[in-house]
Amino acid sequence: MTGGAQTVTRRSLARHHDIRRQFRVRLRRSDLLQGLAWFSGVIAIALFLGDGGAAYFVRPRDITTGLGILAGLMGSDLILVMLLLASRLPLIDKAVGYDRAMATHRRLAKPAFFLLLAHFALLILGYGIALDLDPLSQALRFSTSTPDMAFAFAALGLVAIVIVSSLVIVRHRLKYQLWFGIHLLTYAAVVLGIPHQFSEGSLFAPGTAARWYWAALYVGSLASLTIFRIIIPLARSLRHSLRITAIDPEAPDVASITVEGRHLGRLRARAGQFFIWRFAQPGLRWEGHPYSLSAAPDGKQLRITVRSLGDSSRRLIDAAPCGRVFVEGPYGLFTTRACTEQNAVLIGAGIGVTPVCALLAEMKDVADTVTVILRADEDSELYLRSDFERLAAQANVRLHIIIGLPPAGQPSWLSEAALEQGHTLSTLAADLDRSDVFICGPPRWTALVEEDARTAGLQPQQIHTERFNW
Amino acid sequence: MRPLAITLLVIGSTATLAGAWLVGQPRLIEAIDIAAQLESPASVHSERPTSTATESAPASSAPARPITDTVDGSIVTTKYGTVQVQAVITDGVLTDVIATKLTDSSDTSIALSAKAAPLLREQVLAAQSTVVDTVSGATYTSEAYLTSLQAALDAAGL
């Protein structure tokens, strides 16, 4: 008996050491990436200053042009950071996770657009002042001066189309493919905007350091987009030759889809991660759907569990088990690798229980104690119940299933009955302060759980969320 | 980001910007000088006489039936805008240079190229070649002007 206990303690100490080291590595990487992103802006300004850019601010009449150039430089820098964030660079995914990278990508879009708009307006004004032309004639003069400038004007026009149509799409909830198609236009706009930066005098003149620096950045980020979003996913899908082998109904509108292929171990997928799936079924081929694995990958098969929310997931559930499958991934930090403590609390709601189920299978073998909390409004909405009950049979796992409607008028992630019994996150999970909390469910519900966790005194690095699958 | 990372970032950024400022300083000082020159138009005129002595020398060698040809020079892109000149050649002699496009990226560069172009024109007409001094303070414009003109002369076989 004592021998067994000692083994557990030793294993747990070793894991504690591992966890601290992994956490430090991740922090260092995340700091490095954020630092580099900020520093790229500094380099852009430094190259401008090193080229005597401050001269634009000597005479008041030149200041507009100087500001216009700076706005263009900052705007281009943000665009490049956005491209890299969307490029699925493995380093970025490992350090901050796909969803945080994409959230930053979206957050930068507006500042980048306004900076480029300012670049456009300020340079028209600035050159107009210099040549004594009104803005309209100056704009006309610019747009017709060289083909590169015409491209740049076209690029801005494309961006305007993208923004207007994005607003329309949000209003009318148009299909994802249409949104994606329009979004691709921004990449065309970025490419159309490149030539004028290198040919229209200013900073990037031939032979300057700035020319090489910016060229390297553009080549690098466009290359990593192509490599990590197109070439590697395609090569992986072909090499592993993924195919649907079974579709098992879990509930009236929910099904588990099993995918098999060659050498699946080499995908190095981890429990809790997700792939972006493309199914070669009629009408589904070009749509990518992010679905988390709903079972820990065992090297032989991958399983996802899908609820029909849109018309295409309906078609997917009804599909015949034969089609070829293309995947991008694995992505995400919703894994045991994200742990900072020795205990884990896994919380899932609705179809968000799927990555929790996969994660539990791995977590129960590495964490000291695992508390699982599953939440559904009614019995029929609790998916994968038998899987959870089987996994929770292990001694260090405690399973709470909370079914019932939330209290009316009072936002809570728990059910009315559970609240009346005085339950909070701390009463449900022993050792909460020495735990990592993994949450997956609808966004508003997830926010409420996060709030509860913070109230209980948990540090931000102890809270992990996955927002894709719900 | 952790405090240490932020500190390193701030120190690194300050050092980079300070270094860049030092590298760019000569151009900045030049720009301040030029701005001062442009504020007082008299000083621009005072530079003119240095090259007016050799004016209109080539015109005397014109034959009875002159054949005049206008050749476009290449478009040269500089940091401050594009430059293009036309060479007017009469019986194998360069008789005039017309600047069709001059640097115009800022008010300063327009003022500078307006100052530099006549000086350059006089010099190249006198030398009958592009091997002439560049105008101080307008190096980019001068070099682009002479490059464009050389292309025109090459095209004309001069």
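## Briefing: chains A and B

A:Asp379 counts as exposed, with 53% relative accessibility; here exposed means over 50% relative accessible area, buried under 20%, and partly exposed in between (1.4 Å probe, protein chains only). Its side chain meets that of A:Arg385 in a salt bridge, at 3.5 Å from N to O. The partner, A:Arg385, is partly exposed at a relative accessible area of 33%.

This is a predicted model, where local features need pLDDT of at least 70 and side-chain atom pairs count only at pLDDT 80 or more, while totals for chains, interfaces and linings use all residues. Residues are numbered from 1 along each chain as its sequence is written, chains are lettered from A and ligands numbered from 1 in the order in which they are written, and side-chain values use heavy atoms, leaving out hydrogens and water.

**Chain A overall**

- Chain A holds 14 helices and eleven strands; these are DSSP runs numbered from the N terminus, with helices being H or I of at least four residues and strands E of at least two.
- The C-alpha trace of chain A spans about 85 × 50 × 50 Å along its principal axes.
- Chain A has 470 residues, and 49% of them count as buried.
- Take the contacts in chain A with a separation of 6 or more: 72% of them come from residues 24 or more positions apart. Contact here means heavy atoms within 4.5 Å.
- The accessible surface of chain A is about 22200 Å², and carbon and sulfur atoms own 63% of that. Areas come from the Shrake-Rupley method with a 1.4 Å probe, and for residues only the protein chains shown count as cover.

**Chain B overall**

- Chain B has four helices and four strands, and its elements run α-α-β-β-β-β-α-α from the N terminus on.
- Out of 158 residues in chain B, 37% count as buried.
- For contacts in chain B between residues at least 6 apart in sequence, 51% join residues at least 24 apart.
- Chain B has an accessible surface of about 8200 Å², with 61% belonging to carbon and sulfur atoms.

**Charges in chain A**

- Chain A carries 48 positive and 39 negative side chains, and the centres of the two sets lie 7 Å apart. Lys and Arg count as positive, Asp and Glu as negative, with His and the chain ends not counted; each charge is placed at NZ of Lys, CZ of Arg, CG of Asp or CD of Glu.
- A patch of positive charge on the surface brings together A:Arg29, A:Lys94, A:Arg268 and A:Arg337. Patch residues have over 30% relative accessible area and no salt bridge, with like charges joined within 9 Å (for nonpolar patches of Val, Leu, Ile, Met, Phe, Trp and Tyr side chains, within 5 Å).
- One member of that patch, A:Lys94, sits in helix H3 (residues 90-96) of chain A, and A:Lys94 counts as partly exposed because its relative accessibility is 44%.

**Salt bridges**

- Searching the whole structure turns up 15 salt bridges over all chains. The cut-off is a side-chain nitrogen of Lys or Arg within 4 Å of a carboxyl oxygen of Asp or Glu.
- B:Arg2 pairs with A:Asp31, the closest N and O atoms being 2.7 Å apart. This pair crosses between chains, going from B:Arg2 in the segment before helix H1 (3-39) of chain B to A:Asp31 in helix H1 of chain A.
- The two ends of that cross-chain pair are covered as follows: A:Asp31 is buried at 7% relative accessibility, while B:Arg2 is partly exposed at 33%.
- A:Arg21 bridges to A:Asp18, with the closest N and O atoms 3.8 Å apart. They are three residues apart in helix H1 (residues 2-50) of chain A, so about one helical turn separates A:Arg21 from A:Asp18.
- A:Arg21 is partly exposed at 41% relative accessibility, and A:Asp18 is partly exposed at 35%.
- A:Arg88, A:Arg278 and A:Glu328 are tied together in a salt-bridge network.

**Backbone quirks**

- The peptide bond from A:Gly329 to A:Pro330 is cis, with omega near 0°, and A:Pro330 lies in strand E6 (residues 325-331) of chain A.
- A:Ser241 isn't a glycine, yet has a positive phi of about 45°. You'll find A:Ser241 in the loop between helix H8 (209-240) and strand E1 (243-251) of chain A, and at 17% relative accessibility A:Ser241 counts as buried.
- B:Gln128, also not a glycine, has a positive phi of about 55°. B:Gln128 is in the loop between helix H3 (107-127) and helix H4 (139-156) of chain B, and is partly exposed with a relative accessible area of 33%.
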